[in-house]
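Got the model open in your viewer? Here is a walk through it, with something to select at each stop.

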Amino acid sequence: MKIVLVSHAFPPYTGGLSYVVENISVNLVKKGFEVEVVTLDIDKGLPRYEDYKGVQVKRFKGYAPDGCYYIPSIEFIKYLKNLETDILHVHNIGSVLTPMTIHIVRRIRRRPKIVVTPHHHESGSKWHTRIAWLIYKPLARHYLHKADVLHAVSEYEASLIKRDFKLEAIVIPNGVSEDVFYYKWDPPKDEIVLTYAGRVEKYKRIDLVLKIASELTKFGLDVRVKVIGEGSDLLRIRRIAREMKIKLETPGFLPREEYLKELSKSTVLINLSDYEAYSIVTAEALAIGVPVVIAEPWGMTFKNIVGAYIVDKKDIRKIIDIIVKIYNNISSYKDHVHQNSNNEKIISWSDVADRIIQKLYY
C-alpha cells in the first residue's frame, strides 16, 4: 500500500506539525509501507526531492504571508492532479493547502482514500487570521465533509471538530519518541526553572509566564525562565523580561538531545497557550516525569496523568501555589511519579503509527 502525506511543514522546518508528520511518516516506513510526503518550501532553498529516512519527500514552492495561510504553487497543483496512491493523509485545516488538496484529489481518476488530521484549535492566532477564519470556516467545513475519515489528536480537538464542523473524528493521540524515556526529571535544588518550549508567538502567552516568575521572586525565590524556541514574539518577550528584571534564557530551538536534557532539568514545564490541539512538549515532559502547568480547556487532554496541573491561565495565584508546592516537595513528588509511571498513558510514535494504520487507513 502506498501512503502520501500532505503537509505544509516537514523537516528541516521546526514546529509541532513538522514533528508530527516526520514521526508518522518515518514509522510507517519502518512498518513496510511506501511513504511519500508532499510539502512546501516556503524559503525556496531546500532540495526538490529527498530521501528522508526512507520517506520520499517532494517539495514545491509555497507562499506564507506573515507565516500564515500556506498557499501552494501551480507546480504543486499539477503534481496532485496526477497523483497515484492508495491513501492520502492531509494535515492541518488551518492551511489553504488542505481544502485545495481535497478538491483536486477527489477529481482524479483513481481516487484514494482521503484521511484528514485537521489539527484544529478554534481560530486563527493573529488578528488577520482571526478575521480570515470567519470567511474561511464554511469552506473548511465543506471540504472536511468530503474526506473519508477525520482524525483528532485529542478528545478536546474531537469536541471542537464536532462543534464547528458537525463531524465525528477518530481520536488517536500524538506520541513521543522512544528517546524521551531515557531521561528522568532532575530539577535544580536552589532555584525554580520555569521552562517553555515551542514556537514563540503571542497566542502562546509567554508574557504570563514572566508575570508568574516576577510574582515568585517576591517570595524571595530565585527564579529563571527558559524559553526553548523561536518566533515572532521573541523580541517582545525579551523586552518584558528586561523591564521586569526577570532572568531569561532564550537558546532558540536546540538539538534533540540537548533539548531533552534541558527539559529534564526544569522545575516545571509551563504552557499557558490560548490554542493547542495537542502539546507534544507536554507529553514529552510528562513521560520524563517533569511536572507541567498547562491551560484549560486544551490541557484537559492530559487529565488523570500524573504530574499534569490544568489551570485557568488567569488564576495567577493558583499557578504560583502549584509551583511553590512542587518546589518545596521535590523528593516526595519524585517518589510519587516513580510509583505512578505515565509510560502506559504516553504512547510512542510506533504505537501511533499502528493505530493510524488500523483505525484510519484500513
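Start by selecting residues 74-81, helix H2, and residues 97-105, helix H3: their axes come within 9 Å and cross at roughly 35°. Bear in mind as you look that this is a predicted model. The angle between the axes and the distance between them are how two packed helices are described. As for handedness, the crossing of H2 past H3 is right-handed. Now show side chains: on H2 the contact is made by Phe76, Ile77, Leu80 and Lys81, and on H3 by Leu97, Met100, Thr101, Ile104 and Val105. Colour that set by type and you get seven nonpolar residues, one polar and one charged.

While you're on H3, click His103, which sits in this helix. Is His103 buried or exposed? Neither, quite: its relative accessible area is 31%, so His103 counts as partly exposed. Then pick Lys146, 43 residues away along the chain, and put a distance label between the two C-alpha atoms; you should read 8.5 Å.

Next, the sheet. Select strands E10 to E15 and follow the order across: E12-E11-E10-E13-E14-E15, six strands in an open sheet with parallel pairing. At the edges are E12 (247-249) and E15 (308-311), each of which pairs on one side only. Look along the sheet for the twist: neighbouring strands are turned by 25° against each other on average, direction ignored.

Zoom in on E11, residues 223-228. Why is this strand described as largely enclosed by the rest of the structure? Because six of its six residues are buried. Side chains in a regular strand alternate between the two faces of the sheet. Here, Val223, Val225 and Val227 point one way, while Arg224, Lys226 and Ile228 point the other way, and all are buried.

Stay on Lys226 and look to either side. In E10 you'll find Thr195 standing opposite Lys226, and in E12 the bridge partner of Lys226 is Glu249. Between E10 and E11, which run parallel, there are six bridges; E11 and E12 also pair in the parallel sense, over three bridges.

Now add the helices that link these strands. Select residues 206-217, helix H6: together with E10 and E11, H6 makes a right-handed β-α-β unit. Then take residues 234-244, helix H7, which forms a right-handed β-α-β unit with E11 and E12.

Before leaving this area, trace the loop between E10 and H6 and stop at Lys204. With a relative accessibility of 9%, Lys204 counts as buried, because the cut-off for that is under 20%. What is Lys204 in contact with, leaving aside its neighbours within four places in sequence? Tyr196, Arg199, Asn271, Leu272, Ser273 and Glu276.

For the last stop, go to the E15 edge of the sheet. E14, residues 292-295, is joined to E15 by four bridges, and these two strands run parallel. Pick Ile294 and you'll find its bridge partner in E15, Ile310. Finally, show helix H9, residues 280-288: H9 lies across E10 (192-197), E13 (268-271), E14 and E15, and runs at about 155° to E14.

Note on methods:
Residues are numbered from 1 along each chain as its sequence is written. This is a predicted model: local features need pLDDT of at least 70, side-chain atom pairs count only at pLDDT 80 or more; totals for chains, interfaces and linings use all residues. Side-chain values use heavy atoms; hydrogens and water are left out. Axes are lines fitted to C-alpha atoms, for helices over the stretch in contact, and angles run from 0 to 180 degrees between N-to-C directions. A crossing is left-handed if the near helix is turned anticlockwise from the far one by less than a right angle, and right-handed if clockwise. Contact means heavy atoms within 4.5 Å. Ala, Val, Leu, Ile, Met, Phe, Trp, Tyr, Cys and Pro count as nonpolar, Asp, Glu, Lys and Arg as charged, and the others, Gly among them, as polar. Two strands pair if DSSP finds at least two bridges between them. Buried means under 20% relative accessible area, exposed over 50%, partly exposed in between (1.4 Å probe, protein chains only). A crossover is right-handed if, with the strands pointing away from the viewer, the path from the first strand over the helix to the second runs clockwise.
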